[in-house]
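Grab a pencil and have the viewer ready. Try each exercise yourself before you read its solution.

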Amino acid sequence: LRDFLLPHIHSDESYVIGFVVPNQKQLLLLAEKRGICGTWVEICSNPVMEEEVLKIISDTALAAQLERFEIPRKICLSSEPWTPETGLVTDAFKLKRKEIKSHYQHDIERMYGNM
């Protein structure tokens, strides 16, 4: 269901959040099953879709026997792909955590309740 997943935790917080670049085909199928319509950006911004994807991630993590503190409590679905051109990954597609944090600072604050 995802192309990238980046867990993030702020040192002052007690839970993990996650940034997800969803697989477009899979997310559109899930949206259709849930009766959610809209553009790609609207679907990725839909709180119901965030909850659906979070449930799938949580269920998968629990099945893999991850500890609760290792599982994101909130996620942000990114409608834009992470490519070297966007500056969020290297040419080898390794995540650039500092750039991702800067790019999604508003979402980090939203998920942590405006710290």
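Below are some exercises on this predicted model, each with a worked solution.

**Exercise 1: a pair of tyrosines**

Work out how the rings of Y15 and Y112 are arranged, and which parts of the chain they join.

Solution. Let's start with the general idea: two numbers describe a pair of aromatic rings, the distance of the centres and the angle of the planes. For Y15 and Y112, the centres are 5.0 Å apart and the planes are at 55 degrees. Planes under 30 degrees apart would count as stacked and over 60 as edge-to-face. The angle of 55 degrees fits neither, so the pair of Y15 and Y112 is tilted.

Next, find the two residues along the chain. Y15 sits in the loop between strand 1 (2–8) and strand 2 (17–22), while Y112 is in the segment after helix 5 (105–111). These parts are 97 residues apart in sequence, so the pair ties together stretches that are separated along the chain. Finally, check the burial: Y15 and Y112 are both buried.

**Exercise 2: a tryptophan and its partner**

Do the same for W82 and Y104, then name the cluster they belong to.

Solution. The ring centres of W82 and Y104 are 6.0 Å apart. Their planes are at 50 degrees, so this pair is tilted. As for the location, W82 lies in the loop between strand 3 (74–77) and helix 4 (97–103), and Y104 lies in the loop between helix 4 and helix 5. The pair therefore ties together parts that are 22 residues apart in sequence. Both W82 and Y104 are buried.

Now for the cluster: F19 joins W82 and Y104 to form one aromatic cluster. To finish the count, the structure holds three aromatic pairs.

**Exercise 3: two helices that cross**

Describe how helix 1 (residues 24–33) and helix 3 (residues 47–63) pack, and which residues meet there.

Solution. Begin with the geometry. The axes of helix 1 and helix 3 are 11 Å apart, and the packing angle is about 115 degrees. That makes the two helices roughly perpendicular. Their crossing is right-handed.

Then look at the residues. Helix 1 brings L27, L30 and A31, and these meet M49, E52, V53 and I56 in helix 3. Sorted by class, the contact has six nonpolar residues, no polar ones and one charged.

Last, zoom in on L27, which is part of helix 1. Its relative accessibility is 0%, so L27 counts as buried. L27 and I43 are 16 residues apart in sequence, with a C-alpha to C-alpha distance of 8.4 Å.

**Exercise 4: positive phi**

Which loops hold Q65 and F93, and are these residues buried, partly exposed or exposed?

Solution. Take Q65 to begin with. Its phi is near 65 degrees, a positive value in a residue other than glycine. You'll find Q65 in the loop between helix 3 and strand 3. With 69% relative accessibility, Q65 counts as exposed, because exposed means over 50%.

Now turn to F93. Phi of F93 is near 65 degrees, again a positive value in a residue other than glycine. F93 lies in the loop between strand 3 and helix 4. Its relative accessibility is 43%, so F93 counts as partly exposed.

**Exercise 5: who touches whom?**

List what H8 and I100 touch, not counting residues up to four places away in sequence.

Solution. H8 is in strand 1. At 16% relative accessibility, H8 counts as buried. Leaving out residues up to four places away in sequence, H8 touches Y15, V16, I17, F19, K101, I108 and Y112. Notice that Y15 and Y112, the tilted pair from the opening exercise, are among those contacts.

I100 belongs to helix 4. I100 is buried, with a relative accessible area of 0%. With the same limit on sequence neighbours, I100 touches L6, W82, L88 and L95. The C-alpha atoms of I100 and L88 are separated by 5.7 Å, although the two residues are twelve apart along the chain.

**Exercise 6: a residue in helix 2**

Say whether E42 is buried, partly exposed or exposed, and how far E42 is from E70.

Solution. E42 is found in helix 2 (residues 40–45). Its relative accessible area is 47%, so E42 is partly exposed. From E42 to E70 is 28 residues in sequence and 28 Å in space, C-alpha to C-alpha.

Note on methods: Residues numbered from 1 in each chain as written. Predicted model: local features only at pLDDT ≥ 70, side-chain atom pairs only at ≥ 80, totals over all residues. Heavy atoms only, no water. Phe/Tyr/Trp six-rings, centres within 6.5 Å; stacked < 30°, edge-to-face > 60°. Helix = DSSP H or I, 4+ residues; strand = E, 2+ residues; numbered from the N terminus. Buried < 20%, exposed > 50% of the residue type's maximum accessible area, 1.4 Å probe, protein only. Axes fitted to C-alpha atoms, helices over the stretch in contact; angles between N-to-C directions. Parallel < 35°, antiparallel > 145°, perpendicular 65-115°, else oblique. Left-handed = near helix turned anticlockwise from the far one by under 90°. Contact = heavy atoms within 4.5 Å. Nonpolar A, V, L, I, M, F, W, Y, C, P; charged D, E, K, R; others polar.
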